[in-house]
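The exercises that follow ask the reader to work through salt bridges, one helix and a ligand site. Each task is followed by a solution that proceeds step by step.

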Amino acid sequence: MANKSKFQAIKGTRDLLPPETALWNYVEDTARNVFETFGLDEIRPPIFEPTELFARSIGAETDVVSKEMYSFEDRDETPVSLRPEATASVCRAYIEHGMQQLPQPVKLYYMGPMFRRERPQKGRYRQFYQIGAEVLGGGDAPAIDAEVIEMVMTFFDKLGLTAVELDINSIGHHAPNCRPAYVEKLKAALEKVKDQLGADSQRRIETNPLRVLDSKLEHEQAIIATLPRIADHLCPDCASHYAAVKRQLEMRGVFFKENWRLVRGLDYYMRTTFEITAKGLGSQNAVCGGGRYDGLMELLGGPPTKGIGFAIGEDRLILSLQDSGKGATPQGRDVYVAWMGERAYATAVRAAKDLRNAGFSVELPPTELKFGKALERADKLGSRYALILGDNEVSEGSWTLKTLADGTQQKFTEPELLEFLKQGKSGG
Ligand code: AMP
């Protein structure tokens, strides 16, 4: 197994290795297919950005920005950071490329690594991967929120993810009679129970009282249950938006659970928030978080533009799939070319080229092997067939194909062989 080598991957980072990478590719291909059926296109923003972009959008006081970013000074002294998430980059790109001129909403998805210096544990890494999407512009009709959520649920359904649970909430908006009024009430209620709360929650009463609702501390749960709930304090517009989102989800056959404690750690979220959990993940069981962020674009200096998006934790998605037995099947080879002799080699090279062009995976040993050794290798690589090419086969124009599972052999001319393999492929 693992050897102690001089160099090791940095704590919180890891190598994704075959055969697991096949599962990653399958998940990413499925995301592309599903998202494209919902009319999304891919965006690939850079992996590092000016630190200021994240400080502005995520909030300089948040844990992500104040403690977890990998930041450095570029040689021209610009402070830059590895991206801890991609929403800010997508919004920056929307503004930078004048995408408000395009038909709205602009619907974009992305996938790739994100970086946060968190304490590593199962399902939590310092380099982790997200698959996400943003729907920008085109208003804030509840149907947009519902369709975005429907899309994620369709994706999870296609993957066969198990015990998927969708929680939704509305956290109102910035108007004084909505979230700010609620936050004041919440603060007042928290002040009264301050002594019974842990240090983190006590600090958050001032910095970010909504986050207290996120607390997982056992002894705080009973106290939190008595706090005022935002659903009872939404302004009429936000209340009717939330009711419409729920109706729209029902119409689309999407099951959800209302969770009044679901607030997002990032500052710019408004109205709809949602989180999805899945099986086999222990304490880090959130596979997707999302919500509406109607103020973000202006915060970044862009035109007033409504937005909603989500980010799926791909590492956790993979862990959950593996937990329910949907791991990757090792990638075998279609054909192992067992060649012997100079003349046979030239034919083997050409045969490998033709078979690869036809879409088969082919292993062509670089040096001549004894027949037994070649078959042994073919077997170890999980090859379906061995194509036996010796000088006799080449001069007779009759090639031998051995099916490794049962050891049977058949003789073919070259065109017949290709035809036979193609039929096998389409027939499964
Ligand atoms: P966030 O960008 O914080 O809303 O996170 C969205 C999703 O990304 C979460 O629900 C997790 O699935 C995933 N995620 C966030 N941080 C990490 C991490 N450090 N390691 C692995 N997955 C993460």
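**Exercise 1. Identify the residues that are linked in a network of salt bridges, and examine the pair Asp294 and Lys306.**

Solution. Begin with the criterion: a salt bridge is a side-chain nitrogen of Lys or Arg within 4 Å of a carboxyl oxygen of Asp or Glu. By this rule, Asp140, Asp145, Arg271, Arg292, Asp294 and Lys306 are linked in a network of salt bridges. This is a predicted model, in which local features need pLDDT of at least 70 and side-chain atom pairs count only at pLDDT 80 or more, while totals for chains, interfaces and linings use all residues. Residues are numbered from 1 along each chain as its sequence is written, and side-chain values use heavy atoms, with hydrogens and water left out.

Next, take the pair itself: the side chains of Asp294 and Lys306 meet with an N to O distance of 4.0 Å. Asp294 lies in the loop between β10 and α10 (296-299), and Lys306 in the loop between α10 and β11 (307-313), so the salt bridge ties together parts that are 12 residues apart in sequence. Helices (H or I, at least four residues) and strands (E, at least two) are DSSP runs, numbered from the N terminus.

Finally, compare burial, where buried means under 20% relative accessible area, exposed over 50%, and partly exposed in between (1.4 Å probe, protein chains only). Asp294 is buried at 10%, whereas Lys306 is partly exposed at 32%.

**Exercise 2. Determine which parts of the chain the salt bridge between Asp323 and Lys279 ties together.**

Solution. The search of the whole structure finds 24 salt bridges. In the one between Asp323 and Lys279, the closest N and O atoms are 3.1 Å apart. Asp323 belongs to helix α11 (residues 314-323) and Lys279 to the loop between β9 (270-277) and β10 (286-292), so the pair ties together parts that are 44 residues apart in sequence. As for accessibility, Asp323 is partly exposed at 40%, and Lys279 also counts as partly exposed, at 36%.

**Exercise 3. Describe how the residues of helix α13 are arranged, both buried and partly exposed.**

Solution. First list the buried residues of α13 (residues 371-380), which are Ala374, Leu375 and Ala378. Seen down the helix axis, these fall within an arc of 95° (taken from the directions from the axis to the C-beta atoms), so they line one face of the helix. They pack against β12 (333-339), β14 (383-389) and β15 (399-403), contact being defined as heavy atoms within 4.5 Å.

Then turn to the salt bridge between Glu376 and Lys373, whose closest N and O atoms are 3.9 Å apart. The two residues are 3 apart in α13 and thus separated by about one helical turn. Glu376 is partly exposed at 43%, as is Lys373 at 38%. Just after the helix, Gly382 takes a positive phi of about 70°.

**Exercise 4. Work out which residues and elements surround the ligand.**

Solution. Counting residues with a heavy atom within 4 Å of the ligand, 15 residues surround it, the closest being Arg116, Glu118, Tyr125, Arg264 and Ala286. A side-chain N or O atom of Glu118 is 2.7 Å from a nitrogen atom of the ligand, and one of Gln130 is 3.0 Å from a ligand oxygen atom. The elements that give two or more residues to the shell are β6 (127-136), β10 and β11, and β10 gives the most, with 4 residues.

Conventions:
Polar contact = N/O pair within 3.5 Å; in protein donor to acceptor, adjacent residues only side chain to side chain.
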